Amino acid sequence: MKAAVVFEKGSIPQYADFPEPEVQENEILVSVKAASIKNLDKARAGGNHYSTENQEHQPTIIGTDGAGYLENGNKVYFFSKKGTVSEKAAADEKMIIPIPEELDFSLAAALPNAVMGSAMALKFKAGLQPGNTVLINGATGITGRIAVQIAKIYGAGRVIVTGRNEKSLESLLELGADEVISLKLDDHDFKQKIKEVHQETPIDIILDYIWGHSVEMILSAFKGYGTFSHKTKLVTIGGMSGDTVQLSSQILRGTDIQISGSGLGSWTKEESALLFSEIIPEMYQAAVEGKIKMETEEVDIKNIEAVWNAEIQSGKRLVIRI
């Protein structure tokens, strides 16, 4: 079969012949039609992700999820660590989700990862309740844009977003955001704006996609002064602006804030099961109904080498069509 294969660690995937997967017990064969490419896939392909750093590299098919047909003709989304950018893929039977007939394969392949990076944090880590005020830090990326829409679906009363790309930031207002704050502001003005928002409508949840200096500024803006403070949950999902921050213990002692993370390894088995049985199907239906919008950049698998390091337009997810 044809597949996108990394033959040497750190090399660009090549369109090449590769043996069809051997289907093990509790697995099922999928004829793949579309697979999304994410930062996770690039890190795993390069051997730089924590899930692969201790593994000896072997020729590997790229990709961790996709959409296609089962042998009986049913449309499904699936997750697999064995590679998905190929004509055939073996998927765990517990990690297969029906796709509504009305939903295009590209959107069906691209949406679930963004749902994992937003709904899981909002639902389980932050415990979003109807009427909550949510601040999404670094919301102009793919997952941040989905987080804005899912926060509204889950009943958020107000959603405030931050970002650097002014055009993308303003477009979030069309997706449900109520207010935008530019990360291009200087530190004083950015902190002051966060303080004003927090005083006007106390922020219940901070969903963070970039970490780094902006989080330091947000936490500094929340710092209490010995009086009662509003309870806020900060959930970090990404680290695009840096993997570490300086955190004053005074902020934690003087502020009612809880800090946690959301990602692979942080969810319980029960929560992970609900992702496949309830959450993604719910968001597929929301997409069918027009409540979730997502843009994709579609490329044929034969062009994988040319597109691997290409810059994809902001706000779009790369999808490989097979």
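Buried, in these legends, means under 20% relative accessible area. The model shown is predicted.

**View 1. Serine 168, tucked into helix H5.** Here's Ser168, sitting in helix H5, which covers residues 166-171. Its relative accessibility is 9%, so serine 168 counts as buried. Leaving aside residues up to four places away in sequence, serine 168 touches Thr140, Arg145 and Ser314. One of those partners, Arg145, belongs to H4 and is itself buried. H5 also plays a part in a bigger motif: together with S10 and S11 it makes a right-handed β-α-β unit.

**View 2. Strand S10, covered on both faces.** How many of the six residues of strand S10 are buried? Six of six, so the strand, residues 158-163, is mostly covered. Look at one side and you'll find Arg158, Ile160 and Thr162; flip to the other and there are Val159, Val161 and Gly163, all of them buried.

**View 3. The parallel neighbours of S10.** Strand S9 (residues 133-137) runs parallel to S10, and four bridges join the two. Within that pairing, isoleucine 136 has valine 161 of S10 as its bridge partner. S10 also pairs with strand S11 (residues 179-182), again in the parallel sense and over four bridges. There, isoleucine 160 stands opposite glutamate 179 of S11. On the S9 side, the path to S10 goes by way of helix H4, and S9, H4 and S10 make a right-handed β-α-β unit.

**View 4. Helix H4, wrapped up by its surroundings.** H4 is twelve residues in length and reaches 17 Å from its first C-alpha to its last, close to the expected 16 Å. Ten of the twelve residues are buried, so the helix is largely enclosed by the rest of the structure. Among the buried ones are Ile142, Ile146, Val148 and Ile150, along with Thr143 and Gln149. Just past the end of H4, glycine 155 takes a positive phi of about 100 degrees.

**View 5. Tyrosine 69 and its company.** Tyr69 lies in strand S5, residues 65-69. Is tyrosine 69 buried or partly exposed? With 31% relative accessibility, it counts as partly exposed, because that category takes in values between 20% and 50%. Tyrosine 69 has plenty to touch: Leu29, Val30, Ser31, Lys33, Asn74, Lys75 and Phe105, not counting residues up to four places away in sequence. As for Val30, its C-alpha is 5.7 Å from that of tyrosine 69, although the two are 39 residues apart along the chain.

**View 6. An edge-to-face ring pair.** Search the whole structure and you get one aromatic pair. The partners are tyrosine 69 and phenylalanine 105, arranged edge-to-face with 5.1 Å centre to centre and 85 degrees between the planes. This pair links distant parts of the chain, as tyrosine 69 is in strand S5 and phenylalanine 105 is in helix H2 (residues 105-116), 36 residues apart. Phenylalanine 105 has a relative accessible area of 9%, so this residue counts as buried.

**View 7. Two lysines over aromatic rings.** Which ring does the charged end of lysine 42 sit over? The ring is that of tryptophan 308, with the charged end 5.3 Å from the ring centre. Elsewhere, lysine 123 places its charged end over the ring of tyrosine 154, 5.3 Å from the centre of that ring.

Technical notes
Residues are numbered from 1 along each chain as its sequence is written. This is a predicted model: local features need pLDDT of at least 70, side-chain atom pairs count only at pLDDT 80 or more; totals for chains, interfaces and linings use all residues. Side-chain values use heavy atoms; hydrogens and water are left out. Buried means under 20% relative accessible area, exposed over 50%, partly exposed in between (1.4 Å probe, protein chains only). Contact means heavy atoms within 4.5 Å. Two strands pair if DSSP finds at least two bridges between them. A crossover is right-handed if, with the strands pointing away from the viewer, the path from the first strand over the helix to the second runs clockwise. Rings of Phe, Tyr and Trp (its six-membered ring) pair if their centres lie within 6.5 Å; planes under 30 degrees apart count as stacked, over 60 as edge-to-face and the rest as tilted. A charge sits over a ring if NZ of Lys or CZ of Arg is within 6 Å of the ring centre and within 35 degrees of the ring normal. The expected span of a helix is 1.5 Å times one less than its number of residues.
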